[in-house]
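Grab your viewer and a notepad. Work each exercise by yourself before you read its solution.

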Amino acid sequence: MLREILINLLTEAAKKAQREGKLPSVELPEITIERPQKAEHGDYASNFPLKLSRIARANPMVIANELVTLMPKTDEIESAVAAPPGFINFTLKNNWLNRQVDHILTEGESFGNNNMGQGKKVQVEFVSINPTGPLHVGHGRGAILGSALVNVLAASGYNVEKEYYFNDAGNQMDIFRRSLLARYLQSLGIKAEVPENGYMGNYMIVLAQEIITEHGDKFQKLTEAEALKQLGDIGIGKVKDKIKKDLTQLRVEFDVWFREQSLYENGQYDKVMAILRKGDHLAEKEGATWFVSTNLGEDKDNVVVRSNGMPTYFATDIAYHYNKFIERHFEKVIDIWGADHQGHVPRMKAVVAALGIDPEQLQIIIHQMVTLKRGGELVRVSKRTGDLITLEEVMEEVGVDACRFFFLARSASSQMDFDLELAKKQSQENPVYYVQYAHARITSIMRLVEEKKITFADGDTSLLTTEPELTLIRKLLHFPELIEMATLTLEPHHLAYYAQELANTFHAFYKDCRVVTDDEALTKARIKLVMASKTVLAKTLHLMGMNAPDRM
RNA sequence: GCGCCUGUAGCUCAGCCGGAUAGAGCAUCAGUCUUCGAAACUGGUGGUCGAGGGUUCGAAUCCCUCCAGGCGCACCA
């Protein structure tokens, strides 16, 4: 990578300066290489002389000039220039840049991949809502964020597993069962009450009626306990199927659908509780069992087993994370949660530590809430169900590509306004189509190339020397750095911005540089550049889980 | 009251492990189609980076205080 090359160059120059007595023998500060905002500042820049000046107590410009003179020549770098107040700006050689087009074509779909992950086993767990109702837009955000992050991590050489955790045990499921039974009986004309704190949504009525259509009234004849079990199981199964169906439509695939129930079935829950008890992390208070996280620096303790003997959600989550790290040996676990679960983060970290696992191995991404709007107006209630608007409705209204793009164009930490009208507009004001149009345009050029039976494998990319061509090549070469950054920060939203920039750069190139002309040699060279652009743009879109259309 | 997140152009948002005149898209104004897709391109207008202190050669970025909004603070999940 260029950054490493530049760091080495600077290090060598600095050491040489020290040997020659032009710099005091101080310990060198860490060298950072950045991409300047202004093109006139070159392709890369370093503030190394500024950092060095503080330690060496010397004028930064003097240091910069010294380093520049002592720096060895390389194939990649055209020039290294000292610039006030003490930067060094690097510019790449044109004939190195245009040769990279062939490199991109050779790499193809794997261009931009790296081996940061070194095959490490990583689990990303996301969405994971209770099977008590349909997915909403907020869940969609987590789903899209997670799936794009997984793609990025895979591109960086991690061995990634995608998991959905079904909370299908516990209190909330009981309430779901009771709510469903009440709706079932009501639909049969029998008087029944949905419990307080129950699931009131209209979808529960629809679900009850669906079950009546398929199974008749047989559950009303059973004892209540038996009805809750049998009817509830059917209901839970249906809700799960619906969740899976919505996620598939959103192009979010999972490798593992993990059931909370299984933690009890295979004894892991008991095992973990024993470990915690042995480690003196549990205490009995007020008839309940508590996880004593105050010993680990937390604000308060948390109940794991209620006084009625029922484990809390927290309890199974402890067993679940034990399972992830100890039983399944994930080296890194990433949980993606909505902002409403933020308070759960410190105690989960504390638990992991109590189990003897480095809390750094557990990374929790919190994404903020989504506000749905329509032409600037808040949307609160779905017309169809009387509930919050569902993910399915949003997908149907604005389309999956637009959904994915808009969700990925926001950093997770920022609250988000999702405007249905804007996302839907298939016009110039919609960045989704702007980006996809660039791909369709490229494909259209390639169709022409095929029609004219132009072969270009022997194209000479050193003919690409004009400013729009070189700018496009530079933009393509940003891509591997983008993958690295998104991997380090766990922030896939950079993809969306890059996609727009690349489309923009391509459109500008297209306007200035006609590809297919009478100049056969230049035509072939430009076709190569177009193909490289197609490769990178398509890959960016695919990492985002979007289509790269050939026609629009 | 306490904790986490956010506050940057008219709108939606990047930039935030300090760096060079603060960016993008949309909106708005003015231009550009006899040739590969004008769903495009070029240029202009538009900013006390919530406010105030501090650290620094240098702060949108780090620290403190305050203001505003979101989300939490259960023997719910």
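Below are six short exercises on this chain, each with a worked solution.

Two housekeeping notes: residues are numbered from 1 along each chain as its sequence is written, chains are lettered from A and ligands numbered from 1 in the order in which they are written, and side-chain values use heavy atoms, with hydrogens and water left out. This is a predicted model, where local features need pLDDT of at least 70 and side-chain atom pairs count only at pLDDT 80 or more, while totals for chains, interfaces and linings use all residues.

**Exercise 1. Describe chain A as a whole.**

Solution.
- Start with secondary structure: chain A has 20 helices and 15 strands. Helices (H or I, at least four residues) and strands (E, at least two) are DSSP runs, numbered from the N terminus.
- Next, the extent: the C-alpha trace spans about 90 × 65 × 40 Å along its principal axes.
- Then burial: 53% of the 552 residues of chain A count as buried. Buried means under 20% relative accessible area, exposed over 50%, and partly exposed in between (1.4 Å probe, protein chains only).
- Now contacts, meaning heavy atoms within 4.5 Å. Taking those in chain A between residues at least 6 apart in sequence, 72% join residues at least 24 apart.
- Finish with domains, whose bounds come from an automatic or database domain assignment. Chain A gets domain 1 (2-92), domain 2 (100-116 + 428-543), domain 3 (171-249) and domain 4 (371-424). Over C-alpha atoms, the centres of domain 1 and domain 2 are 31 Å apart.

**Exercise 2. Work out the strand order of the open sheet that holds E5.**

Solution.
- Two strands pair if DSSP finds at least two bridges between them.
- Walk across the sheet and you get 5 strands in the order E7-E6-E5-E11-E12, with parallel pairing.
- The ends are strand E7 (256-259) and strand E12 (362-367), which each pair on one side only.
- From one strand to the next, the twist averages 25°.

**Exercise 3. Zoom in on E5: what flanks it, and why is it called largely enclosed?**

Solution.
- On one side, strand E5 (residues 121-125) pairs with strand E6 (residues 159-166) in the parallel sense over 5 bridges. To check the register, find Lys121, whose bridge partner in E6 is Asn159, and then Gln123, which stands opposite Glu161.
- On the other side, 4 bridges join E5 to strand E11 (residues 332-338), again running parallel. Here Glu125 stands opposite Asp335.
- For the enclosure, count burial: 4 of the 5 residues of E5 are buried, so the rest of the structure largely encloses this strand.

**Exercise 4. Add the helices around E5 and E6.**

Solution.
- Follow the chain from E5 through helix H6 (residues 137-155) to E6, and you trace a right-handed β-α-β unit. A crossover is right-handed if, with the strands pointing away from the viewer, the path from the first strand over the helix to the second runs clockwise.
- Then look for helix H9 (residues 224-249), which lies across E6 and E7 and runs at about 145° to E6. Axes are lines fitted to C-alpha atoms, for helices over the stretch in contact, and angles run from 0 to 180 degrees between N-to-C directions.

**Exercise 5. Place Asn302 and Gln100, and list what they touch.**

Solution.
- Asn302 sits in strand E10 (residues 302-305) and is buried at 8% relative accessible area.
- Leaving aside neighbours within four places in sequence, Asn302 contacts Thr289, Trp290, Phe291, Ser293, Phe314 and Arg347.
- The side chains of Asn302 and Lys300 share a polar contact of 3.4 Å. Such a contact is a pair of N or O atoms within 3.5 Å; within protein, one must be able to donate a hydrogen and the other to accept it, and residues adjacent in sequence count only if both atoms are side-chain atoms.
- Gln100 belongs to helix H5 (residues 100-107) and is buried too, at 13%. A polar atom of the Gln100 side chain lies 3.1 Å from the backbone oxygen of Trp96.

**Exercise 6. Check some backbone oddities: are Ser128 and Asn197 buried or exposed?**

Solution.
- Ser128, in the loop between E5 and H6, has a positive phi of about 45° without being a glycine. Its relative accessibility is 15%, so Ser128 counts as buried.
- Asn197, in the loop between helix H7 (171-187) and helix H8 (202-215), has a positive phi of about 65°, and is not a glycine either. At 65% relative accessible area, Asn197 is exposed.
- Lastly, check omega between Pro84 and Pro85: at about 5°, the peptide bond is cis. Pro85 lies in the loop between strand E3 (77-83) and strand E4 (87-92).
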